[in-house]
Amino acid sequence: MAETIFSRIIAGDIPCYRVYEDDRVLAFLDINPLSRGHTLIVPKEAAETLDQLSDESAAAIGRCLPRIARAVLAATGATSYNVLQNNGAAAHQAVAHVHFHLIPKQGDGAGLGMVWRPTDLPAAEGEKLAREVAEKIAD
Ligand code: AMP
């Protein structure tokens, strides 16, 4: 995988405001935060998108995410937050190394803004699609 700004941070070539590190995970403050406490949680494994990440790195992230969330809430006073994870340029991924955003929602409204356009899921489509995805998981 090509070098990215995050692989260079993980290698120690570029500084960051580090908040957590273990064998598989590094977490640091986003350099252009949407709100105070905006934190990035990054696997050290070089994977571009979440679907390419190993079970081991995914488990390591899952283990530390709630702990980091509690710490960011305690440090910032926020009580609500979003976890955002972009994959692919069309989905607003700018850095091609898997990362999770933890974005506190602050009282002044700062935080993640989103446009949510719900549609209908007809029963026939729901049954067909769920079956197809379940089969792919079982493959
Ligand atoms: P995404 O659009 O999901 O790929 O988000 C990439 C995030 O990385 C953005 O929120 C950037 O502000 C952040 N970012 C880019 N370079 C750095 C850096 N050197 N240190 C910390 N955060 C960074």
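**Briefing on the predicted fold and its charged surface**

In the protein, 54% of the contacts (heavy atoms within 4.5 Å) with a separation of 6 or more are accounted for by residues 24 or more positions apart. This is a predicted model, in which local features need pLDDT of at least 70, side-chain atom pairs count only at pLDDT 80 or more, and totals for chains, interfaces and linings use all residues. Residues are numbered from 1 along each chain as its sequence is written, and side-chain values use heavy atoms, with hydrogens and water left out.

**Architecture**
- The protein contains 3 helices and 5 strands, taken as DSSP runs (H or I, at least four residues; E, at least two) and numbered from the N terminus.
- The order of elements from the N terminus is α-β-β-β-α-β-β-α.
- The C-alpha trace spans about 50 × 40 × 25 Å along its principal axes.

**Burial**
- Buried residues (under 20% relative accessible area, 1.4 Å probe, protein chains only) make up 34% of the 139 residues.

**Charge**
- The protein has 13 positive charges (Lys and Arg) and 18 negative charges (Asp and Glu), with His and the chain ends not counted.
- The mean positions of the two sets are 6 Å apart, with each charge placed at NZ of Lys, CZ of Arg, CG of Asp or CD of Glu.

**Arg 24**
- Arg 24 lies in the loop between strand S1 (18–21) and strand S2 (25–29).
- Arg 24 counts as partly exposed because its relative accessibility is 37%, and the limits of that class are 20% and 50%.
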